[in-house]
Structures are given as C-alpha cells and as structure tokens.
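Subject: Handover of a structure for your review

Dear colleague,

Please find below the structure that I am passing on to you. I would be grateful if you would look through it alongside the notes that come after it.

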Amino acid sequence: MKSPGLAMNRNLVIVASVLLFHGAALWALQTGLLRRAVQVLVPAELLTEFIEPAAPIVEPPPPTPLAATPVKPVPDRAPTPVHQPAPELLAVADPTPVANAPVGVVTPVAATEAVTAPVSVAPPAPSAPPRVELPSSDADYLQNPKPPYPPLSKRLGEQGKVVVRALIGLDGTAQQAQIKQSSGFERLDQSALATVLRWRYVPGKRAGVAEAMWFNVPITFVLE
C-alpha cells in the first residue's frame, strides 16, 4: 500500500505543473513569443505544400470504335426522260421587197360576243273565276202569282216596264227591294215593288254554295 504522504506529493506536483504551464502560456502571450511561433509554423506548412509533387493527370482511355454499320447500296434508277418542247419556228421579216408581190389589206375580225336572249317566262294562267248562279223567280214549283195591275192605271191606259233590284237571301226570300228602273207611273212602280217582296226565289250560288245576292227582277205591265 502507498503511503498517504506519497499520494499527496504527487497531486501537488500535478497541480504545480498545471499552474506553471498556464503561467508560461500567459507570459508567452504577453511577450509575443506565441505569435512568432505561429508565423514560423504557417510558412513552413505552406512550403511543404509547394514542395509536394503534383498528382499526375490520368487521361481517360480512348473510346472503343463502334462497329461500322454496313450501308445498303441504293439501286440505280433509270433517269426520267425529259421531254423538251419542239423548237418554235419564228418568222423573220425580210426587209428586201419582192417584185410584183401582192399587197393585201388585213381587216381585223371583231370578236363576236355571245348574246344570250332573255328567256321569256310565261306568267301563270289566271285561275278560272268561280261559277256564279244568279237567283231565279221562274221556277214552276215557286208558284209566284202575277203582279196585280192597278185598276186606275188600266182606265188611264198606263203601261210600262219596271226593274226592281232585290237582295235575295239564303232562304229564297227578298230581304230588301228598290226601284232601279221606273215605268214612268208611280202606281205601276209600287205594284211591282210589292210583288217582288212577296215572291219566292231560288237563292243564288257561288261555286255551288248558296249565297245572298242582289238580283234585278223585271216586271212589265201591258194592257190587253
């Protein structure tokens, strides 16, 4: 076993060494010795770098040549024959006049223009008007009586023709009536007007369809 005094002396030596080292380093910093040592060491390191030989440059190996691809021969094509136009014959005027050469007069021919005659289009034929059937009072089944002859007109010898214009309805009756042509005697005209309003008629038709129409009814008064 180590004695306690020997261990204590060793620790004192270590502590003293550490304190001495720190004191020397502090003194060196203050006096500039450490700065000189750094300046001396750095150039030496740079010098060693310059003295070391440069690494050799390794060149890459040359590329391996590829196998040449065989080129297929292109078959020769027959040249396409070129058709050259036939040389044109040019007329060259000869300035030397020819004796007794006939002199002709060239008359320019006017180009005729094609004249297109206007095509006449026939207008559409007008449609035939619808058939119109006028009213009638002559049918036997109507049984219309003769107009009465006024007695005074008979004694006075009055006679003549009266034309009455009447509107005949769809039912065959006269809806309206008026004197269109007078006989010259009032009594005869009124007798004819009253007769036309009492008669029955066959109604008028247009295209086969019954229609109300105006109709002229002539009545003649003649003494026997």
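The notes below go from the chain as a whole to its core, its pocket and some individual residues.

Please keep in mind throughout that this is a predicted model.

**The chain as a whole**

The chain contains four helices and six strands. In sequence order, these elements follow the pattern α-α-β-α-β-β-α-β-β-β. Of its 224 residues, 16% count as buried. The accessible surface of the chain amounts to about 20000 Å², and carbon and sulfur atoms account for 64% of that area. As for contacts between residues at least 6 apart in sequence, 69% of them join residues at least 24 apart.

**The largest nonpolar core**

The largest nonpolar core has 16 residues, and those touching the most other members are Val196, Tyr201, Val217, Ile219 and Phe221. Strand S2 (160–168), helix H4 (186–198) and strand S6 (213–221) each contribute at least two residues to this core.

Ile219 may serve as a starting point for viewing this region. Setting aside residues up to four places away in sequence, Ile219 touches Pro147, Gly160, Lys161, Val162, Ala192, Thr195, Val196 and Trp199.

One of these partners, Thr195, belongs to helix H4. Thr195 is buried, because its relative accessibility is 1%, and the cut-off for buried is under 20%. Beyond residues up to four places away in sequence, Thr195 touches Pro145, Pro147, Pro148 and Ile219. Thr195 and Pro147 are 48 residues apart along the chain, yet their C-alpha atoms are separated by 5.6 Å.

Ser191 is also found in helix H4. With a relative accessibility of 10%, Ser191 counts as buried. Apart from neighbours within four places in sequence, Ser191 is in contact with Pro148, Pro150 and Phe221.

**The largest pocket**

The largest pocket holds about 190 Å³ of space. Its lining consists of Lys146, Pro147, Tyr149, Lys154, Thr220, Phe221, Val222, Leu223 and Glu224. By type, the lining residues comprise five nonpolar, one polar and three charged. Two names in the lining have appeared above: Phe221 and Pro147 both line the pocket, Phe221 is listed among the core residues that touch the most other members, and Pro147 is touched by Ile219.

**Helix H3 and its contacts with helix H4**

Ser153 lies in helix H3 (residues 151–156). Its relative accessibility is 0%, so Ser153 counts as buried. Leaving out neighbours within four places in sequence, Ser153 is in contact with Glu158, Arg187 and Leu188.

Arg187, one of those partners, is located in helix H4. Is Arg187 buried, exposed or partly exposed? Arg187 is partly exposed, because its relative accessible area is 35%, a value that lies between the limits of 20% and 50%. Its contacts, again without neighbours within four places in sequence, are Pro150, Leu152, Ser153, Leu156 and Glu158. Arg187 and Glu158 are 29 residues apart along the chain, and 8.9 Å separates their C-alpha atoms.

**Residues in loops**

Three loop residues deserve a brief mention.

Gly172 is placed in the loop between S2 and strand S3 (174–181). Although it sits in a loop, Gly172 counts as buried, at 0% relative accessibility. Its contacts, without neighbours within four places in sequence, are Trp199, Arg200, Tyr201 and Pro203. Gly172 and Ala212 are 40 residues apart in sequence and 8.8 Å apart from C-alpha to C-alpha.

Gln143 is situated in the loop between strand S1 (132–133) and H3. Gln143 is not a glycine, but has a positive phi of about 55 degrees. At 67% relative accessibility, Gln143 counts as exposed.

Ala207 is in the loop between strand S4 (204–206) and strand S5 (209–211). The phi of Ala207 is likewise positive, near 55 degrees, in a residue other than glycine. Ala207 is exposed, because its relative accessible area is 53% and the cut-off for exposed is over 50%.

Yours sincerely

How values were computed. Residues numbered from 1 in each chain as written. Predicted model: local features only at pLDDT ≥ 70, side-chain atom pairs only at ≥ 80, totals over all residues. Heavy atoms only, no water. Buried < 20%, exposed > 50% of the residue type's maximum accessible area, 1.4 Å probe, protein only. Contact = heavy atoms within 4.5 Å. 1 Å grid on protein atoms, 1.4 Å probe; cavity = no way out; pocket = protein on both sides within 12 Å on 5 of 7 lines; lining within 4 Å. Points joined across faces, edges and corners; volume = space filled by probe spheres on them. Nonpolar A, V, L, I, M, F, W, Y, C, P; charged D, E, K, R; others polar. Core = buried A, V, L, I, M, F, W, Y, C linked by side-chain atoms within 4.5 Å. Areas by Shrake-Rupley, 256 points an atom, 1.4 Å probe, with all protein chains shown as cover.
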